[in-house]
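Got your viewer open? Let's take a walk through this model, one selection at a time.

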Amino acid sequence: MGPILALPPSTNPARPRHALLLVPESSRSSVRVHGPASLSNLGPGFDAVGLCIGGFGDVVEGRWRETPGVQVTVEGGAVPADPDRNTAACAAAAVLRRAGVERGLHLHVQKGIPLGSGIGGSSASAVAGAWAANLLLGEPFRRSELVEAVLDGEAATGARHGDNVLPALLGGLVLVDPSDPARYRRIVLPRPLHVALLLPDLAVLTEEARRLLPRSVPLPDAVANAADLAFLVDAFRAGDWETVGRQIMRDRLVEPVRARLVPCYDAVRRAALEAGAYGCALTGSGPAMFAPAETHAAARTVASAMEAACRAASIEATAHATHADERGVRRQDEGMNDAA
């Protein structure tokens, strides 16, 4: 079969409006893609700041099939197999539409991220599904050209939030406009960032966590959060992890409310700081908590302390030393950038 010619959407800024997009026929019959986990709602950066992390993720295997449309099967986790409600399937379908290709695609999703954990499980599947479709097409799209597709995938959960799905797609730290998540800035971190991550054996659903949020907030708190977010972004740009840790603990609007959903919150945060962490906060809606540290060894020490504190509060948990992942979604055989 020869190349497929398709007319790209006029919204593509990288090509002239009426240019034909050459979609090459891929030699691959199947691909396996790693969709990485991510941290979001970093302190005062509610819905606006996300960070891709290594060592965790979902794996999506994609292959062409005879019948048009996207079919999905799921292994691990109570994730819908309905292609209209599955984030991997929705994102992959958006890629095929963008390419102007009508082919059948089967996706097998292996969930590696616990549901309701707070580290971007739905986003990991979405980016893996989109990237699998892109690889099977012969990689006609750059990552930046798949932003709308992965946002469409994330929308299968009920909203087009970008603070998990864009870091998982692009890697590194990403700033997102919550009102227009296709508007973003990626920040390249100047040096490695090590992170202790705690995954309590709890599930916090995003919808439930959002219902707790106040409809209005005091002006002094809003002003303080705006200032703290500015300092947080500058600290990330400078590689000043001590200031990053300090700023993530200064949120006045969201974290104090959501912390009520995590019974071990206070004990874990105290243990992390006593073990040498620069700071400690929830990620996403929780219950996962993260703590930046200077070295991998320090992150391991902090992670152990966080896990012990959680278990002392009668909640089972696992803790890990991980790191910021600058690469984002990729073929599984390209290396997982796992935490040591």
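Start with strand E3 (30–42), H2 and helix H5 (206–211): each of them supplies at least two residues of the lining of the largest pocket. Helices (H or I, at least four residues) and strands (E, at least two) are DSSP runs, numbered from the N terminus. Before you click further: this is a predicted model, where local features need pLDDT of at least 70 and side-chain atom pairs count only at pLDDT 80 or more, while totals for chains, interfaces and linings use all residues. Residues are numbered from 1 along each chain as its sequence is written, and side-chain values use heavy atoms, with hydrogens and water left out.

**Stop 1: the largest pocket**

Its volume is about 1,000 Å³. To find the centre, select Gly116, Ser122, Glu154, Thr157 and Thr206, the closest to it of the 39 residues in the lining. Which element gives the most to this lining? That's H2, with 4 residues. Colour the lining by class and you get 11 nonpolar, 20 polar and 8 charged residues. Here Ala, Val, Leu, Ile, Met, Phe, Trp, Tyr, Cys and Pro count as nonpolar, Asp, Glu, Lys and Arg as charged, and the others, Gly among them, as polar.

A word on how such spaces are found: on a 1 Å grid over the protein atoms alone, a cavity is a set of points where a 1.4 Å probe fits but cannot get out, and a pocket is an open set with protein on both sides within 12 Å along at least five of seven lines; lining residues have an atom within 4 Å of a point. Grid points are joined across faces, edges and corners, and a volume is the space filled by probe spheres set on the points.

**Stop 2: H1, H2 and H3**

Two packed helices are described by the angle between their axes and the distance between the axes. Axes are lines fitted to C-alpha atoms, for helices over the stretch in contact, and angles run from 0 to 180 degrees between N-to-C directions.

Select residues 87–99 (H1) and 121–136 (H2): their axes come within 7 Å and cross at roughly 35°. The crossing is right-handed (the near helix is turned clockwise from the far one by less than a right angle; anticlockwise would be left-handed). On the H1 side, show Thr87, Ala88, Ala91, Ala92, Val95 and Leu96; they meet Ser122, Ser125, Ala126, Gly129, Ala130, Ala133 and Asn134 of H2. Contact means heavy atoms within 4.5 Å. The residues of this H1–H2 contact comprise 8 nonpolar, 5 polar and no charged.

Now add residues 147–154, helix H3, which packs on H2 at about 135° with the axes 9 Å apart. H2 and H3 are therefore oblique to each other (angles under 35 degrees count as roughly parallel, over 145 as roughly antiparallel, 65 to 115 as roughly perpendicular and the rest as oblique). Ser122, Ser123, Ala126, Val127 and Ala130 of H2 make this contact with Val150, Gly153 and Glu154 of H3. Its classes are 4 nonpolar, 3 polar and 1 charged.

Hide H2 for a moment. H1 and H3 pack at an angle of about 145°, with 7 Å between their axes, in a right-handed crossing. Look for Thr87, Cys90, Ala91, Ala94, Val95 and Arg97 in H1, which meet Ala149, Val150, Asp152, Gly153 and Glu154 in H3. That contact has 6 nonpolar, 2 polar and 3 charged residues.

**Stop 3: the cavities**

How many cavities of 30 Å³ or more does the structure hold? There are 2. The largest cavity, about 60 Å³, is lined by Asn41, Gly43, Phe46, Asp251, Val254, Glu255, Arg258, Leu282 and Gly284. The lining splits into 3 nonpolar, 3 polar and 3 charged residues.

While you have Asn41 selected, note that it sits in strand E3 and that its phi is near 50°, a positive value in a residue other than glycine. Most residues other than glycine have a negative phi, and most peptide bonds are trans.

The second largest cavity has a volume of about 40 Å³. Select Leu39, Leu51, Leu193, Val195, Phe236, Val244, Ile248, Phe290 and Pro292 to show its lining, which has 9 nonpolar, no polar and no charged residues. Helix H7 (241–248) and strand E11 (289–293) each supply at least two of them.

**Last stop: a cis bond**

Go to Pro287, in the loop between strand E10 (281–282) and E11. A cis peptide bond joins Gly286 to Pro287, with omega about 5°.
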